Amino acid sequence: MGNKGPTPAQELAIDDIKVDDESPSSKPAPPSTPSVVNKKTDVEREQLFEGSSDVETPRKKSTQEILTKYKFKGDAAAAAAHAKQKLMERQEKLARITEQSAELESEAENFATLATQIRKNMENKWWK
């Protein structure tokens, strides 16, 4: 890559996060060959840094630009309803992320407990 220095951090919006309702154990295992993993990583890196060399500083948008972008054409009720709908969607995403985080934390604690038990059992076997 041709990055010559640090670039300004881009803010990640909640809409950019995709949450699957599938559990991680039901997904197929990723390919483990180094060449496939490296190619996938390179593609992801290019997608991540796409257009980063010409990052513009944020500017304040006019009311008309906002209305044009979201196609409400002066209808404040429609704009408010749309904003409320987006807020509800974000709230649902955050709830799913919170639930998945709690499940992951629980699984990590169970794994740590199991690893500790196995280590103690192995130590007892070797010292007896």
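Modeller: Helices and strands are taken here as DSSP runs, with at least four residues for a helix and at least two for a strand, numbered from the N terminus. The model discussed below is a predicted one.

Colleague: How many helices and how many strands does the chain have?

Modeller: Read along the sequence, the chain follows the pattern α-α-α. Counted as DSSP runs, its elements come to 3 helices and 0 strands.

Colleague: In which helix is confidence lowest, and in which is it highest?

Modeller: The chain has a mean pLDDT of 75, with 58% of its residues reaching 70 or more. Over residues 1-6 the pLDDT is below 50, and beyond near neighbours in sequence this stretch has 4 contacts in the model. Among the helices, confidence is lowest in helix H1 (residues 34-48), at a mean of 67, and highest, at 92, in H3.

Colleague: What percentage of the residues in the chain is buried?

Modeller: The chain exposes about 12000 Å², of which carbon and sulfur atoms supply 56%. Among contacts between residues at least 6 apart in sequence, 67% join residues at least 24 apart. With buried meaning under 20% relative accessible area, the buried share of the 128 residues is 4%.

Colleague: Over residues 80-114, how far apart are the end C-alpha atoms?

Modeller: An unreviewed UniProt entry places the feature "coiled-coil region" at residues 80-114. In the model this stretch is 100% helix and 0% strand, and its end C-alpha atoms are separated by 51 Å.

Colleague: Which side chains meet in a salt bridge, and why might such side chains pair?

Modeller: Side chains of opposite charge can pair when their charged atoms come close. The salt-bridge count comes to 1, and its partners are 4 residues apart in helix H3 (residues 76-127), so that about one helical turn separates Arg 119 from Glu 123. Arg 119 is partly exposed because its relative accessibility is 43%, and Glu 123, at 36%, likewise counts as partly exposed. The N to O distance is 3.0 Å, and the side chains that meet are those of Arg 119 and Glu 123.

Colleague: Is Trp 126 buried or exposed, and what is the area of the nonpolar surface patch that includes Trp 126?

Modeller: Trp 126 is found in helix H3, and with a relative accessible area of 68% this residue is exposed. Together with Leu 114, Ile 118, Met 122 and Trp 127, Trp 126 makes a nonpolar surface patch of about 670 Å².

Note on methods
Residues are numbered from 1 along each chain as its sequence is written. This is a predicted model: local features need pLDDT of at least 70, side-chain atom pairs count only at pLDDT 80 or more; totals for chains, interfaces and linings use all residues. Side-chain values use heavy atoms; hydrogens and water are left out. UniProt positions are given in the numbering used here, feature names are shortened, and annotations may be inferred rather than shown by experiment. A salt bridge is a side-chain nitrogen of Lys or Arg within 4 Å of a carboxyl oxygen of Asp or Glu. Buried means under 20% relative accessible area, exposed over 50%, partly exposed in between (1.4 Å probe, protein chains only). Patches are made of residues with over 30% relative accessible area and no salt bridge: like charges are joined within 9 Å, nonpolar side chains (Val, Leu, Ile, Met, Phe, Trp, Tyr) within 5 Å. Accessible areas come from the Shrake-Rupley method with a 1.4 Å probe; for residues, only the protein chains shown count as cover. Contact means heavy atoms within 4.5 Å. pLDDT is the predictor's confidence in each residue, from 0 to 100.
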